[in-house]
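Trainee: Before we begin, may I ask that each term be justified by setting its value against its cut-off?
Mentor: Certainly; let us have the structure in view and proceed term by term.

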Amino acid sequence: MIIIMERNATKVQIQRVIDFLKDNGFQVRHNIGEVHTVIDAIGDKTTISPDRLSAFEGVKEVKIIREPFRLASRDRKNDDTVIEFANGVKIGGGNKPISIVGPCSVEANYDDLLEVAIAAKEMGCEFLRGGAFKPRTSPYDFQGYGEKALQFMKRASEETGLLTVSEVMDANDLPMMLDYIDVLQIGARNVQNFKLLQAVGKCNKPVILKRGLASTIREFLLAAEHIMYNGNCQVILCERGIRSFDSAFTRNLMDIASIPVIKKYSHLPIIVDPSHGTGQRYLIEPMAKAGLVVGADGIMIEVHNDPENALSDGKQSLSIPMFKDIMGRINMFNKNIHYEKNCLSANTR
Ligand code: PEP
Ligand code: MN
């Protein structure tokens, strides 16, 4: 940590900071500059937070050198985390990108879900998604069918062999959900629901953690850290767009750069969700490909058998024929980028 003192910090103020750091086990060096005194503190930052130091009188700024997300960081583990399922599907570590496909919400008719699941299977996708508990902005909108929806998910999984993903909103639902699905999703609106993060951290199930509507990349990785800190290291990050000032053409601003940034600083796998990232059907194919080109480990896409009558997110959902068309091209694209990546690593070996 580097502590920059105010221009007019007194000797007493400087000494108090130095004493405090030494009392907490830090090695301290300080340089008295012409204008500012700079204190260089080497030690375990978990014992005192930068926030605490910035509260000291005379402190201008505290700069951290090591990222605060320790378990999620490449400093701790340089090799990519690979999440492996019983059927052999793997996420991360340069494995073939996975695809998660399905309706925003599981609706009343099981055959509708099955129709999407069969199409997903036919196109080589590995996961079926479907919301049972929906975090809706308005209390008057459809809230999800709860356990009945999860029963449908399990049935569709048994019929098709697809793995399943569904969002958890309340830690009390976890024991029940664990019986039905393979991957828990934490939605964008719950990315800083720390009690929920702790609860999924205590489960032995992979978790897809979506980026919050206004999460910085550091906050996003710290949310993952909460899950890992509680014991569950099977975290899959998901870039799903952030709020921006311009919502005229897209629902969110899909932050493509966050993928290589996160890959640089974290070993966790990351997927992209262009459905929520853009809110527009015509942008799903180009933005899914953009995510894959910059290193995403998979994609999540909303597909509905009747988007015009969907109970949630119909506008961004692909119909089954559209999905088959687009997914066919994404599969070809994946083969090519896989081939190029292999050539690249062979050339640099
Ligand atoms: C969803 O996946 O349906 C969803 C609600 O996503 P997000 O949390 O990213 O808005
Ligand atoms: Mn949705």
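**Reasoning from values to terms**

Mentor: We start with His276, which is placed in helix H9, residues 274-278. Please keep in mind that this is a predicted model.

Trainee: Why is His276 called buried?
Mentor: The term buried requires a relative accessible area under 20%. His276 has a value of 8%, and therefore counts as buried.

Trainee: What makes the pairing of His276 and Asp273 a polar contact?
Mentor: The limit for the pair of N or O atoms is 3.5 Å. The side chains of His276 and Asp273 are joined at 2.7 Å, so the distance satisfies that limit.

Trainee: With which other side chain does His276 make a polar contact?
Mentor: The side chain of Glu302 is such a partner, at 3.0 Å.

Trainee: What makes Glu302 a buried residue?
Mentor: Its relative accessibility is 0%. Since the cut-off for buried is under 20%, Glu302 belongs in that class.

Trainee: Which residues coordinate the manganese ion, ligand 2?
Mentor: Cys104 through SG, His276 through NE2, Glu302 through OE and Asp313 through OD coordinate the manganese ion, at 2.1 to 2.4 Å. A donor to this metal must be an N, O or S atom within 2.8 Å, and the distances of 2.1 to 2.4 Å therefore meet the criterion.

Trainee: How are these donor residues spaced in sequence?
Mentor: The spacing for the manganese ion (ligand 2) reads C-x171-H-x25-E-x10-D. Within it, Glu302 lies in strand S14 (residues 298-302), and Asp313 in the loop between S14 and helix H11 (320-348), 11 residues apart.

Trainee: What makes the phi of Asp313 worth a remark?
Mentor: Most residues other than glycine have a negative phi. Asp313 is a residue other than glycine, yet its phi is positive, near 55°.

Trainee: Which residues are around ligand 1?
Mentor: They are Cys104, Arg129, Lys134, Glu167, Gln185, Gly187, Ala188, Arg189, Lys210, Arg240, His276 and Glu302. Cys104, His276 and Glu302 also coordinate the manganese ion.

Trainee: How do you know that Arg129 makes a polar contact with ligand 1?
Mentor: An N or O atom in the side chain of Arg129 is 2.7 Å from an oxygen atom of ligand 1. The cut-off is 3.5 Å, so the pair qualifies as a polar contact. For Lys210 the corresponding distance to an oxygen atom of ligand 1 is 3.0 Å, and for a polar side-chain atom of His276 it is 3.3 Å. Of the 300 Å² of accessible area that ligand 1 has on its own, the protein covers 97%.

Trainee: In which pocket does ligand 1 sit?
Mentor: Ligand 1 occupies the second largest pocket.

Trainee: Why does Thr81 count as buried?
Mentor: Thr81 has 10% relative accessibility, and buried means under 20%, so the term applies. Thr81 is in the loop between strand S4 (59-63) and strand S5 (83-84), and its side chain makes a polar contact of 2.7 Å with the side chain of His267.

Trainee: What makes Leu196 buried?
Mentor: The relative accessibility of Leu196 is 2%, and therefore Leu196 counts as buried. Leu196 lies in helix H6, residues 194-201.

Trainee: What fraction of the protein counts as buried?
Mentor: Of its 349 residues, 52% do. The protein has 11 helices and 14 strands.

Definitions and conventions:
Residues are numbered from 1 along each chain as its sequence is written. Chains are lettered from A and ligands numbered from 1 in the order in which they are written. This is a predicted model: local features need pLDDT of at least 70, side-chain atom pairs count only at pLDDT 80 or more; totals for chains, interfaces and linings use all residues. Side-chain values use heavy atoms; hydrogens and water are left out. Donors are N, O and S atoms within 2.8 Å of the metal (3.2 Å for Na, K and Ca); water is not among the atoms, so sites may look incomplete. Helices (H or I, at least four residues) and strands (E, at least two) are DSSP runs, numbered from the N terminus. Buried means under 20% relative accessible area, exposed over 50%, partly exposed in between (1.4 Å probe, protein chains only). A residue is near a molecule or strand if one of its heavy atoms lies within 4 Å of it. A polar contact is a pair of N or O atoms within 3.5 Å; within protein, one must be able to donate a hydrogen and the other to accept it, and residues adjacent in sequence count only if both atoms are side-chain atoms. Accessible areas come from the Shrake-Rupley method with a 1.4 Å probe; for residues, only the protein chains shown count as cover. On a 1 Å grid over the protein atoms alone, a cavity is a set of points where a 1.4 Å probe fits but cannot get out, and a pocket is an open set with protein on both sides within 12 Å along at least five of seven lines; lining residues have an atom within 4 Å of a point. A molecule sits in a cavity or pocket if more than half of its atoms lie within 2 Å of its grid points.
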